[in-house]
Each structure stands twice: as structure tokens, then as C-alpha cells.
Amino acid sequence: MRIIFHIDVNNAFLSWTAVNLLENGYKKDIRKIPAVIAGDEKLRHGIVLAKSPVAKNYGIVTAETLYSARKKCKWIEVFPPNHALYLEQSKKLYNYLATYTPDIEQYSVDECFLDMTGTTLLYGTDYVKLAHKIKDEIKEKFGFTVNVGIGENKLCAKMASDFEKPDKVHTLFMNEIETKMWPLPVSDLFMLGRSSARKLESLGIRTIGDLAKCPKQLLVKHFKKQGEYFLEASRGIDNSKVVSKRDKNKCISISKTLPYDYTKKEELEKILFDEVESVSFELRRKKLYAKTVAITYRNFLFKNYSHQMTIDNPTSSTNDIYNLVITLFERSWKEDPIRNIGVRLADLTSERKEQMSIFDNTEKVETNKMEEVMDDIISRFGRDSVRFASKSKNKY
């Protein structure tokens, strides 16, 4: 049985700012007063990025304007974001967690997955006790709190850490799915986007339990391959790996910081196509194939998240990879404004296991030959010498 921990810093931006202010002589703990982290109003970036629990009690919410927040609480204290500080605190947390296992994935600036499978000789079998030890040590060493979720896979660990906050340890094992996860609204399912949640609700599927009991044919009819993922996720099934830094060294990736926050699906799909073109060309240049495809985001609140898919037959095809990326995009995008987006290919291999059959149509063969010709032209004359004509899904 796999054992995965998910560590999530409670209210990271505000907590890290509070700790830094206290260390530098500030007299108040901003976690205990009406306070927010927000951008500069003069630059029209006056959006609430994080809020204290006291500010939350006034009805202040993340992503609203400072103008609106001040109407709810006139004496609220405002502090600017400090991303250099956040990266420093994130690195401290990562380095501390890495003392427990080398199998650690930094999922975002304030979240990590730890694969604790096979560590019983080091820490025993009481993983809840170990999680409390890690949680309490973080609070003592660094001055901020975390939630720890424990599950048999990444999905369950992540869902568990989102239960009651702050400073808590929760479990979500397979035998707890029905009682702990199924009563939750379908919108709470990890990596299920807002548009998908709305569509499910319109079909009368309102809880994760409703989704888990839904006929597969109905979900595939309305969501195609995404429907299969939704069904598996609602039942707590997730086989994705914890991708450590050492594994990331064996991948090809690209990301782009956008000139402004993109909100249109078509704009983001175009960027993704350009990125897929680049990484798939590099893959073929190195005569490698990818078994895992991932998409990564940073939203307008500087929150990083990602989603990945592992396939049975490794590929280097631009078309195949783009279709997988778009599936991941449609499955996971929360419709929030995006300021950075990227693609990562991992589990690289020099061997291709796929066997072409006499029943395969010629379109795929022709596409592969076309990619080979294009690669040759690009190698000779540069990236802009030839491009695919269309960036629509399943169509060049």
C-alpha cells in the first residue's frame, strides 16, 4: 500500500508575511488583526491575495478589490506581496521536508507531496503520529502552521489536507472515501474545473458520491475521456507518481509568463500548442518518447498548480501530446486568470512500445511522416521556417 502525505501551508502569503514582520520587530501579529495581502491600488493591482481570519470574519474574500474590502472594514491593514520572501520560505519548508524522504514533489510554492511508502523501518507504522510530528515541528521551527493530509495516493492526500483548517492532520484512506469524500459537493473534487462542475450539477450530479455512482456511459457521453477520469477520481482512484526533483531532471519542459492575465480558453490553447510544438520537437531531436504529460499553471493570485497524465504507449508526436495537453487543460483549468502556463514531458524513454496494426488508419502514419519532414526543415532553417496551419484540437 502506498502512503502519501500532502503538506499545505495555512494561508501561506499572509502567514509568511506575518512571521517576517514579527522577526523584524513589528509589534502586531497580522494573523490576529483585520489584515490583507494585496497589490498596489495605484497600479490598478489592488486585489486581495490573502486575508487574515479576522478579515474573513468581516466578509472579505480573496480576489476582491481593496476598495470593496475597505467598505467591509475601514481599518483593515494592507501589506504588499513579497514573492522573494515566499520563495525563501518555500525553500526552507522543502529542505526540511526532504529530511524525511527524498521522494518529495513541490506541487506549488506552498504545497508538497511526500511519498512515505516503505519508510516503516525509519518511522514505524503510525503515520498519523508522524504527520503530527512534522506539523508541530514546522510550527516550532518556522512559526507558521500547515495541514497534513494522508492517503494512499496523491488525490486522497490532497483532498484530506483540504478538510478542516488550520493546523490539522486528516486521513482519507480508501475505506474512508464513502464517509469522508462522497458527501462533499462535486466542485470540491481535486482538479475538477468550474465549468465541469456546473455541467455536472446541471445533470443532477451534485455530490462526489453522486458522481461515483453515475453510469460511466453517461459521463463519457457528456465529457468524453474526462468522464472516465471524473469517475475514477470520485472513487479515490489515482495512480500518478510523486515527481521528485531528481525525476524532473529527466524531463523536458517549457513555460511562459504571459504579458497579461489570460482568461480566454482560445488564447491559452494557442500558447499550449506553441509550447507542445517546442517540447515535442526537442523530444524527437533527442530520439526520445514521453510516457507522462503534464500541464502547469500560475494564476493571478500567484498560486501554482499542475495536472499530469501517464499513458501506456510513450509518444513523441506533436498531435498526440497536444491532444493529451488539451484533455488535461479542459479537465483542470479552474477558469481563473492565468499569468504563467507550461507543459512538461516526463518518464522519457528511448524505446517505443506501441505496435502499429493493419487496422490503424493512414492519417496517423502520414502525420508522423509530416512531423519528420518539418523537423528536418526546422533543424536547417530555424523554428519560424515552418508552422502548423491550425491550432485547433485534433486538427493541424
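Here is a chat about a predicted model of a protein, its two largest pockets and one of its tyrosines.

Visitor: Okay, what am I looking at? How many helices and strands are in the protein?

Guide: This is a predicted model. The protein has 16 helices and 12 strands.

Visitor: And what percentage of the residues count as buried?

Guide: Of its 396 residues, 50% count as buried. As for the surface, the protein exposes about 20,100 Å², and carbon and sulfur atoms supply 51% of that.

Visitor: Let's talk holes. How much space lies in the largest pocket?

Guide: About 1,700 Å³. Its lining is made of 47 residues, and those nearest the centre are Asp8, Asn11, Asp162, Lys165 and Lys303.

Visitor: Which helix or strand gives the most to that lining?

Guide: That's α1, with four residues. You'll find α1 at residues 12–23. Other elements that supply at least two residues each include β1 (4–9), β3 (48–51) and α7 (154–161).

Visitor: What classes of residue line the largest pocket?

Guide: There are 23 nonpolar, nine polar and 15 charged residues in the lining.

Visitor: Now the second largest pocket. How much space is in there?

Guide: About 1,500 Å³. This one is lined by 50 residues, with Lys225, Met309, Leu324, Thr327 and Arg331 closest to its centre.

Visitor: Where does the largest share of that lining come from?

Guide: From β11, which gives 10 residues. Among the others that supply at least two each are α12 (225–234), α15 (318–332) and β12 (338–349). And β11, at residues 304–315, also supplies at least two residues to the lining of the largest pocket.

Visitor: How does the second pocket's lining divide by class?

Guide: It splits into 13 nonpolar, 15 polar and 22 charged residues.

Visitor: Switching topic: where does tyrosine 260 lie?

Guide: In strand β9, which covers residues 252–262.

Visitor: Why does tyrosine 260 count as partly exposed?

Guide: Because its relative accessibility is 45%, and partly exposed is the range between under 20%, which is buried, and over 50%, which is exposed.

Visitor: What is tyrosine 260 in contact with, leaving aside neighbours within four places in sequence?

Guide: Glu267 and Ile338. With glutamate 267 there's a polar contact between the two side chains, at 3.0 Å.

Visitor: And how far is tyrosine 260 from arginine 339?

Guide: Their C-alpha atoms are separated by 6.4 Å, though the two residues sit 79 apart along the chain. Across the protein, if you take contacts between residues at least 6 apart in sequence, 64% join residues at least 24 apart.

Conventions:
Residues numbered from 1 in each chain as written. Predicted model: local features only at pLDDT ≥ 70, side-chain atom pairs only at ≥ 80, totals over all residues. Heavy atoms only, no water. 1 Å grid on protein atoms, 1.4 Å probe; cavity = no way out; pocket = protein on both sides within 12 Å on 5 of 7 lines; lining within 4 Å. Points joined across faces, edges and corners; volume = space filled by probe spheres on them. Nonpolar A, V, L, I, M, F, W, Y, C, P; charged D, E, K, R; others polar. Buried < 20%, exposed > 50% of the residue type's maximum accessible area, 1.4 Å probe, protein only. Contact = heavy atoms within 4.5 Å. Polar contact = N/O pair within 3.5 Å; in protein donor to acceptor, adjacent residues only side chain to side chain. Areas by Shrake-Rupley, 256 points an atom, 1.4 Å probe, with all protein chains shown as cover.
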